[in-house]
Amino acid sequence: MDEKEKYDAIIIGTGQSGVPLAENLAGENWKTLIIEKDLVGGCCINYGCTPSKTMTASSKVIHTSKKSEVYGVHNVKTEINIKEIISRKRDIVKSFRDGLENGIEKTKNLTFIRGKAEFSGQKEIRISLNDREYEIVTADKIFINTGGSPVIPRIKGIDSVKYLTSTSIMELDEIPHHLLIMGGGYIGLEFGQMFRRFGSQVTMIEKGPYILSKEDEDISTEIEKIFRNDGVNILLNTSVTEAAHAGDDQIRLKIICEGKENYLTGSHFLIAAGRKPNTESLNLKAAGIKTDEKGFIKVNNKLETSVKGIYAMGDVKGGPAFTHISYDDYRVIRDNLLQKKTHTIRNRFIPYTVFIDPQLGRVGITEKEAKAGGIDYKVAKMKMSDVSRAIEVGETFGLMKAIVDSRTGKILGCAILGMEGGEIAAMIEIAMMGNLKYTDLKEAIFTHPTLSESLNTLFAKIE
C-alpha cells in the first residue's frame, strides 16, 4: 500500500505498558494504533511472570506434600505429571491473553494490527503483514514497548546443542534427568528450584563469587544454603567455555572453576544469562533513535527518546526489567500527556520479588549500597526461625533485614527472605512512601499471630 494512514498515536508492542496506554489514549479520542508481531500481552503474560509463577505454584505443592509428615500427615502419595502442569499453565496464560485481546477489540478509536513493525522514517512505520506485503503508517506520537528476550552468550559449540531458554523450558513435556543451568540470577534460581522439586538433578553455574550478585552477601549466602538444602548443586566462580553433545542426547559443558578445567554432563541445559532488548528489527536508525552499547533505547526522565514525540517503555529502555516498572512507565506517560503533569521516573521506588521458596522481597537500598554511598546507617536483622508465625506453619528458612538512616530514623530499604517475603517488603515500602520512621513500625499494633507482627521485633533489634 502506497497510501500512508495517519494516527494520533502508534504503540509498537502489547506489553504491560502498551495495552493500557493504547486504551487510555483511545478513550481520550486519540486515533490510536497498536501493533504486535507475536502474542498479545508481551513477555509477562506469555513467557514470564504468569507462566513461571503458575508452575512455581505446582512445585510448592510438591514440596509441601513431600514433607507432610512434619505436620503429622502421613502416607501422602505424590505423582508428578509434567504434562498436566504445563497444560494448567497454558490455560491460565490463554485466559489472561484472551482478556487483553477482548479489551483491545472493545475499545473505540483503537486499531489493532498483527505484523512486524520497523521505522522507515522519523515518524513513519512500515508494517509487514501476513496477508499482504506491507502497510505504511505515521503518527506524531509513537511509543515503543517491544520488551526483551534471553541473551545467548558466545560460547564455543553453543549452536550445536539443543539449549533451553526461560521460554522453551516451560514447554517441556518431560522432567529433565539432570538440568544444567548457566546463571545464578533470579531466572536461574526460580527454574532451578522448581525443577529440583519436580525431581530433576540440578546443577547451577555462576561466574561470580555468590548468587544474586546485586544483593548483600548475607542474603545471597542464606539463599545458597536454602538451595543446597533442597539438593541443588551450586558452582560459584565458574564459567562455561564450551558446549557439545555427549551421546544419548546428553550435553557436555566445559567449565573453568577457580582456574581449573573440568566437565559437566547433563540431559538439559538452561541458559539464564540475562536479557537483551528487542530492538534489532525496529530499524531505529531510520528514525534517529539513539541506543546504548547493548541496544537499549536511551530515554530521559520522562521516557522520551532522542527524537521528540517518540517514547520507549518497559524492558526495551533498559533498567530494572520488571512488569510493575513497565506499568509505571505507562502511568508516567499517561499523566504527562493526558493530564499535563510533570511526572518522571527519577528516584522512584523499585520493589521486586524473587519467587523462590521462600520468597525474597526487596525495596530500597542494600547495606552495601548504603556503605558505598557513605550513609550513616543502622541494620535491623532477624532470622525467620525467630518469627512465631513462621514456626507455627513450619516455614522457618530465611531472614529479615532492613536498613535505617541513623540520623532521621527513616527506613532506606529492606530484604525479606522468608515466607510471603514480597508481601512483607510491600508493607515496608508503604511505610517508606509515607516517610514513617522505623520506630512507627516497632510500636505499631499488628494482628497476632501474623507475619506483619514480626516487624515489631525486627525493628526492636536496632536498639
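Analyst: Two strands pair if DSSP finds at least two bridges between them. Helices (H or I, at least four residues) and strands (E, at least two) are DSSP runs, numbered from the N terminus.

User: What makes β10 and strand β11 a pair?

Analyst: Seven bridges join β10 to β11 (residues 251–257), in the antiparallel sense. The rule asks for at least two, so they pair. One bridge links Val240 to Ile255 in β11.

User: What model is this, and how are residues numbered?

Analyst: The model is predicted: local features need pLDDT of at least 70, side-chain atom pairs count only at pLDDT 80 or more, and totals for chains, interfaces and linings use all residues. Residues are numbered from 1 along each chain as its sequence is written, and side-chain values use heavy atoms, with hydrogens and water left out.

User: Which strands are the edges of the β10-β11-β12 sheet, and how do you know?

Analyst: β10 (238–245) and β12 (260–266), as each pairs on one side only. The sheet is open and antiparallel.

User: How do you know that β7 and β8 pair?

Analyst: Five bridges join β7 (residues 178–182) to β8 (residues 201–205), and the strands run parallel. At least two are needed, so the pair qualifies. His178 has Gln201 as its bridge partner in β8. Both strands belong to an open sheet of four, in the order β9-β8-β7-β13.

User: Which strands does helix α5 lie across?

Analyst: Helix α5 (residues 186–198) lies across β7, β8 and β13, at about 165° to β8. Angles run from 0 to 180 degrees between N-to-C directions; axes are lines fitted to C-alpha atoms, for helices over the stretch in contact.

User: What describes the packing of α3 and α4?

Analyst: Two packed helices are described by the angle between their axes and the distance between the axes. For α3 (residues 49–66) and α4 (residues 82–106), these are about 145° and 9 Å. Among the residues that meet are Met55 in α3 and Phe96 in α4; contact means heavy atoms within 4.5 Å.

User: Why does Ser59 count as buried?

Analyst: Ser59 has 4% relative accessibility. Buried means under 20% relative accessible area (exposed is over 50%, partly exposed in between; 1.4 Å probe, protein chains only), so the label fits. Ser59 lies in helix α3. Not counting residues up to four places away in sequence, Ser59 touches Met194, Arg197 and Phe198.

User: How far is the backbone oxygen of Thr56 from a polar atom of the Ser59 side chain?

Analyst: The separation is 2.7 Å. A polar contact allows N or O atoms within 3.5 Å; within protein, one must be able to donate a hydrogen and the other to accept it, and residues adjacent in sequence count only if both atoms are side-chain atoms.
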